[in-house]
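Here's a quick tour for anyone meeting this structure for the first time. Have a look at it, and then we'll go through what sits around the ligands.

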Amino acid sequence: MGFQTLTYGENSTLNTTPPNERRPQRIAVLPGDGIGRDVTAEAVKALLAAKERWSLPLELIEKPWSADHYLETGETLPEGTIEELRDDYSSVFIGAYGDPRIPDMRHAADILLGIRFKLDLFINFRPIKIYDDSLCPLKGKGAQDIDLAVFRENTEGAYVGVGGNFKFGTPDEVAVQEEIHTRKGVERIIRAAFDYAFRHGNLRVCMADKSNVMRYGHDLWMRCFEEVAVEYPEIESSHLFVDALAMQLVRKPENFDVIVTNNMFGDILTDLGAALQGGLGIAASANLHPGRTSMFEPVHGSAPKYAGKDRANPMAAILAASLMLDNLGHAEAANELERVVAEAIQSGFTTRDLGGERGTSEVGDFIAEKLLTPAVVT
Ligand code: NAD
Ligand code: IPM
Ligand code: MN
């Protein structure tokens, strides 16, 4: 079975943001650590090919912020960077962060979470989509059964870093780690999910929480969801506790179109989602705040064991670049880039994680070349 209906173009997946009017469109490219560097190099090839073919006003500016940079200089993000990204850039593209030499992820907290939080990118949009039946890990299911999007809250929840230790390192140690849920934060992500569902023909929206146990924070989610759902009478809305949703996503993924959930549950569910679509090697992600500088990245991490070995699948990063092009108002280029990735998968031109024998850069070259040489329609 072939390629699914695209959701770009007229029904732009990401038209949460009007086409960015800044010219040129400056993109800060942060390859980061490990395979982040390998896959970003390929995403850059695809972006440069798209720039050439469609004469896009893109200007790519690479930034060195990474584990290496931090270990050499002690600097994570230079002072004033967030303001610069906010004011002078249209987008940020990130490869991945994580390095075994920095076990507390101090640099990633400042760079990756810093950008998400300080640019207030409250929507973490993670599509879960299969490009070929052969990638489906579920018995009796195929590409038509798996096509959904997760709206992960991206600025609060368990990620706020509020907490502390008492009697640290002693047998009586107490560790407290708070979740923060605000009415404003919960409402805006739920609204973003409903708006997206509405714009795409009244897709079904499911909210996942653990309000049976988290009687304060997740009860706020429950109440807020019920209130917003009333405003969208045409949309079929449902609620599942996250444990039940994890099971249902494996049993009946076809029952879901849009899932909205908190930061931590969204993180976990989207790795599960990546497995449903063929693996972390093809799962892409957009961090958005409509109308502002947004950030794009693969869902996967720095996979240190594959770093620099020409083993990593660059498709997640390339699909993140496609989401970015769409967000910047270049729907045709975004659409075509996604189609070419699908073509590579369907013709078996893939890295080993997808069953192929190609290297990272071969796959990147294939995709960039196909993008530059449009198929002749006879
Ligand atoms: P990971 O996503 O880096 O890798 C998990 C496994 O998935 C890999 O061992 C590999 O088998 C597979 N995989 C991931 N990406 C792949 C690709 N492009 N091609 C082929 N296979 C791929 O997760 P991890 O091992 O749990 O974490 C490694 C480091 O990355 C940690 O420091 C973690 O904190 C960090 N991390 C960063 C991000 C991010 O930057 N957004 C996301 C997740 C994890
Ligand atoms: C992700 C990652 C990050 C997260 C880590 C690296 C902080 O797992 O983007 O999914 O938890 O959000
Ligand atoms: Mn994750």
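A polar contact here is a pair of N or O atoms within 3.5 Å. Keep in mind that this is a predicted model.

Let's start with ligand 2. Its neighbours are M105, L112, R116, R126, R152, Y159 and D267. Sorted by class, that shell holds three nonpolar and four charged residues, with no polar ones. One of the charged neighbours, D267, has a polar side-chain atom 2.8 Å from an oxygen atom of ligand 2. On its own, ligand 2 would expose 320 Å², and the protein buries 76% of that.

Where does ligand 2 lie relative to domain 1 and domain 2? Both domain 1 (1–124 + 280–378) and domain 2 (137–277) contribute residues to its shell, so ligand 2 lies between them. The space it takes up is the largest pocket.

Now for ligand 1, which has 20 residues around it; Y97, G301, S302, A303 and N313 are the closest. Its shell is made up of 11 nonpolar, six polar and three charged residues.

Here are some polar contacts for both ligands, side by side:

| Ligand atom | Protein partner | Distance |
|---|---|---|
| Ligand 1, nitrogen | E297, side-chain N or O | 3.4 Å |
| Ligand 1, nitrogen | H300, polar side-chain atom | 3.3 Å |
| Ligand 1, oxygen | S302, polar backbone atom | 3.1 Å |
| Ligand 2, oxygen | R116, side-chain N or O | 2.7 Å |
| Ligand 2, oxygen | Y159, side-chain N or O | 2.6 Å |

Definitions and conventions
Residues are numbered from 1 along each chain as its sequence is written. Chains are lettered from A and ligands numbered from 1 in the order in which they are written. This is a predicted model: local features need pLDDT of at least 70, side-chain atom pairs count only at pLDDT 80 or more; totals for chains, interfaces and linings use all residues. Side-chain values use heavy atoms; hydrogens and water are left out. A residue is near a molecule or strand if one of its heavy atoms lies within 4 Å of it. A polar contact is a pair of N or O atoms within 3.5 Å; within protein, one must be able to donate a hydrogen and the other to accept it, and residues adjacent in sequence count only if both atoms are side-chain atoms. Ala, Val, Leu, Ile, Met, Phe, Trp, Tyr, Cys and Pro count as nonpolar, Asp, Glu, Lys and Arg as charged, and the others, Gly among them, as polar. Accessible areas come from the Shrake-Rupley method with a 1.4 Å probe; for residues, only the protein chains shown count as cover. On a 1 Å grid over the protein atoms alone, a cavity is a set of points where a 1.4 Å probe fits but cannot get out, and a pocket is an open set with protein on both sides within 12 Å along at least five of seven lines; lining residues have an atom within 4 Å of a point. A molecule sits in a cavity or pocket if more than half of its atoms lie within 2 Å of its grid points. Domain bounds come from an automatic or database domain assignment.
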